[in-house]
Amino acid sequence: MKTPFIEDNNSGLKSKVIKGTTWTFFSQISDQGLSLVITIILVRILDPSDFGIVALSVVFVGFVELFQSLGMGSAIIQKQDVGDDYLSTSFWAGIFTGICIAVILIIISPFAASFYKKEILKYVIIVLSTGFL
């Protein structure tokens, strides 16, 4: 036989899971929708060869972007008592990581341009790398 306390606890957990799943779902949908709109705009504005260069550069930037957050946001959300020191460390670690990623992309850009034999790719990657700063 279940006690009322356990049932209340489970219903509270269920509502939190549903709410979290809903927020995550709409966040992903909005991200994908915005990406689609931007892609459609770029297709209309750019020549096919220019769009191909942007697509190549986005592959490099997207791969490096995987390493940006380092799970800091999830750690802050899961931690019960978040102090100012923890938040400050997370902030500065994010800044440092963004700078490192931008520098890595700037260093990699000439090699990517050389590999694909497209000199302009180097400059597009450099411009996109500023998004990490």
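How much space lies in the largest pocket? The answer is about 330 Å³. The structure is a predicted model, and the protein averages a pLDDT of 84, with 91% of the residues scoring at least 70. Confidence is not even along the protein: the mean is lowest, at 75, in helix 3 (residues 72–78), and highest, at 92, in helix 5 (residues 119–129).

**The largest pocket**

The lining of the largest pocket is made up of Asp31, Leu34, Ser35, Ile38, Thr39, Leu42, Phe51, Val54, Ala55, Val58 and Glu65. Helix 1 (4–45) and helix 2 (48–65) each supply at least two residues of this lining. Helix 1 gives the most, with 6 residues. By residue class, the lining of the largest pocket holds 7 nonpolar, 2 polar and 2 charged residues.

Phe51, one of the lining residues, also serves as a reference point for a position in another helix. Ser114 is found in helix 4, and the C-alpha atoms of Ser114 and Phe51 are separated by 18 Å, with the two residues 63 apart along the chain. Ser114 has a relative accessible area of 52%, and it counts as exposed because the cut-off for that class is over 50%.

**The nonpolar core**

The largest nonpolar core has 12 residues in all: Ile53, Val61, Val64, Ile101, Ala102, Leu105, Ala112, Ala113, Leu121, Val124, Ile125 and Phe132. Helix 2, helix 4 and helix 5 each supply at least two residues of this core. Helix 4 contributes the largest share, 5 residues. Helix 2 therefore appears in two settings, as it supplies at least two residues to the pocket lining and at least two to this core.

**Aromatic pairs**

The structure holds 4 aromatic pairs. Two of them are set out below.

| Pair | Geometry | Centre to centre | Angle between the planes |
|---|---|---|---|
| Phe60 and Tyr116 | edge-to-face | 6.4 Å | 80° |
| Phe91 and Trp92 | edge-to-face | 5.0 Å | 80° |

The pair of Phe60 and Tyr116 links distant parts of the chain: Phe60 lies in helix 2 and Tyr116 in helix 4 (residues 84–116), 56 residues apart. Phe60 is partly exposed, with a relative accessible area of 24%. Tyr116 is partly exposed as well, at 34%. Together with Phe115, Phe60 and Tyr116 form one aromatic cluster.

Are Phe91 and Trp92 buried or exposed? Phe91 is partly exposed, with a relative accessible area of 47%, whereas Trp92 counts as exposed at 54% relative accessibility. The two residues fall into separate classes because the boundary between partly exposed and exposed is set at 50%.

**The loop after helix 4**

Lys117 is placed in the loop between helix 4 and helix 5. The phi of Lys117 is near 55°, a positive value in a residue other than glycine. Most residues other than glycine have a negative phi. Lys117 is exposed, with a relative accessible area of 72%.

Key: Residues numbered from 1 in each chain as written. Predicted model: local features only at pLDDT ≥ 70, side-chain atom pairs only at ≥ 80, totals over all residues. Heavy atoms only, no water. 1 Å grid on protein atoms, 1.4 Å probe; cavity = no way out; pocket = protein on both sides within 12 Å on 5 of 7 lines; lining within 4 Å. Points joined across faces, edges and corners; volume = space filled by probe spheres on them. Helix = DSSP H or I, 4+ residues; strand = E, 2+ residues; numbered from the N terminus. Nonpolar A, V, L, I, M, F, W, Y, C, P; charged D, E, K, R; others polar. pLDDT = per-residue confidence, 0-100. Phe/Tyr/Trp six-rings, centres within 6.5 Å; stacked < 30°, edge-to-face > 60°. Buried < 20%, exposed > 50% of the residue type's maximum accessible area, 1.4 Å probe, protein only. Core = buried A, V, L, I, M, F, W, Y, C linked by side-chain atoms within 4.5 Å.
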